[in-house]
Each structure stands twice: as C-alpha cells, then as structure tokens.
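Let's walk through how two chains meet, one question at a time. Have the model open beside you as we go.

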Amino acid sequence: MQPAQLSASSACLECGLNFEAAVLSPPVRPAPRQLQHSQGQVRCARHARNAAVASCERCGAFMCGLCRIDADGKSICAACFERLRAAGELESASTRFRSFRTLGLHLGILGIPLMAGGILLGPASIIATVRGMRQDSKEGTAGETFSAVLALILGTVSTVGGIVVCLAFAGALGKK
Amino acid sequence: MARRTLLGTKAGFSERTRVYLAGDAIEVDDIEGYSGTRRRVLLDEVRVVTLDRRRSAAFLWIVGLLTLVFFFSIVLNFSEEGRFAVIFAALFCVPLLAWFAFHAALGIDHVTVFGKRSNAVMAFALNKGKARRTFMLLRDRAMLAQDEARARLAAEAEQAVEAVEAPPSAP
C-alpha cells in the first residue's frame, strides 16, 4: 500500500494560511484498446475502423468499446445516452433533485411565528418532510434524522397552533 | 444499510452544500433554495485532501460592529428607567459577543477533497474533532480505493498481455 504523502503543517505561499494535506497518487488509466475491424466483422456505426462489440438496446446501432455506455442495466450508444439523460429517463445520470426535507423544515419554522397560517403551513411542512424522508430512504441517505424529526415537530406544533388560533377566532366571532 | 452517509456541510448566503460518503465516491449536493444539483468526486481520482482553519474577516467585522452597537445601547440606557432597553440589548449583545469570540479564537475547520474534475468542501464550526476524523477517514478511503484500482488495472494489463501472447488456436 502506497502511503499518502502527509505534511504536518504547511503554509500557503499565496495567502499564508496554515493547512495539513494528504497528497495521493491516483492511478492513471490507459486508453482503452479497441479491436480493429477485420474482414467479416461488423463495423462500429461511428468508428468505421473499430469492430462492433455490441448493439445499442435502444436504437440498435452497432457500437465499439468507445461508444458503448452501460447505464441502468442497459447497453446504449452515446447518442441515446444523451437523449435519455436530457429527458430525465436515466436514473443513474440524473443530477438535479428537489430538497423536500429542507422545504419541510422551512415551512415548519415559518409556521411558528405565523401561527394563524399554521393550519396550512403545518400540514404542508409535514407532507414535505415525509416526502423528503422517503427521498432519503430511496437514495439510501443516512445522518439526516435530526432535521427531519425537527421539521415534523415544528410542523405538528404549527398545525396545532393554527387550529387553536382558528378556533379562538371562530369563538370570538361567535360571541359577537 | 445506508448507501451514503452525511460527512459534513457548508452553508453560504444563498446555497448550501451537503457532502456524503457513498461506496466508491464522495457525493456533493449543492442546494440553492429548494433545488439541488448532485455531483460526484470518485475516490480513486482524489488528488489531495486538506484540513485547514479559517477565520472570516467579513464575518468578524459584521458581528463585531453589531456587538458594539448593542453594547453602546446598553451603556447609554444604563439607568433605572432604561432597564428594559438594557435587557433587550443584552439579549442580543451577549450571544453576538460569544459568537465573535468563539469565531476569533477557534475559527472554522474546513476539509477539502480535490478530485480530477471537481472538489468537495465541508465546514466544521463547533466539532473540531469531527473535522480531523473526517479528514483521516477520507484520506484512508481514498488510499484504499486507489490501491484497489491500481491492482485491478495491473490485473487487466496482465490479461491483455496474455491474450496477445497466447498462440492462435488451431482451426
């Protein structure tokens, strides 16, 4: 095992900030060797000199090792990968998401000072938090329990507070 | 079993970053508002992991000035008639002073992972021990991943050489 080069403490030459660093040596991957096309073999649709190793499961085009992309259990060509990624149909290639747990926490916090609106903000906070917890469970995320529990508590408190405020208001109107 | 574990976070004015350790990579969620973008720093492509302590001059100036404002309001209202104003100002002045002193004395520890194409930064304001443990964990995991990648590449290279040198099979 090659040990990382460790520095006890170094100072940046630009700003003078002290820091510790572990310098590693990532392995260099050689360029993939492609089978040259020979008589009788099927050519790659994009690289005529390369032999095809598979066909795209979406469009059927023959592809060499350079073109072949394995994603979500399918072998597809680069063009189909780009189309599916743009359409959001490739789960492994999706990079954008919505943070429901954060939304739930903020709605819960907002529902405390705006107790009159808690009857709406509270349930919205709980729904968003539960959705966020399902999202975390699906992604296999650990270590986010505290914020989810806090959001549920705040959502519950603002819901109860909102109901109390509404009942008090209705009671006051009834007396009039 | 969790697929990824939260390592640390970093918050700015308009966006938050959450850094997770997944199996073979570090996943970074950049959240702006309620929309986020996810990117990965592969462990076998990590070049450097650093640990440093920073103190923000802008933060110290802003919090220091606010502390002085509330402190002067305490001094100016320090009388029997102004006790409520003093209490109100003290409720803000004392925490701000504590926050200023804490940041000036201890700073915020940052752990940064530099990969081939992207990097991940985590900030640890209170738990300095966790910053060091995270630094060492990332260093060790990156080293392990890179050793495994080197072994795998060596095995693949040997197989490729054997395939080239193998005599052609008889028809």
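Q: How many residues does each chain bring to the contact?
A: This is a predicted model, in which local features need pLDDT of at least 70, side-chain atom pairs count only at pLDDT 80 or more, and totals for chains, interfaces and linings use all residues. Residues are numbered from 1 along each chain as its sequence is written, chains are lettered from A and ligands numbered from 1 in the order written, and side-chain values use heavy atoms, leaving out hydrogens and water. Taking contact as heavy atoms within 4.5 Å, the count is 35 residues from chain A and 40 residues from chain B.

Q: Which three residues supply 20% of the area that chain B buries against chain A?
A: Buried area is the accessible area (1.4 Å probe) that two parts lose on being put together, summed over both. Here the two chains bury about 3,300 Å², with 53% of it on carbon and sulfur atoms. On the chain B side, more of the area comes from this trio than from any other three residues: B:Y34, B:R38 and B:M143.

Q: What is the salt-bridge partner of B:R4?
A: A salt bridge here is a side-chain nitrogen of Lys or Arg within 4 Å of a carboxyl oxygen of Asp or Glu. The rule finds 4 of them across the interface of chain B and chain A. For B:R4, the closest N and O atoms are 3.1 Å apart, and the partner is A:E139.
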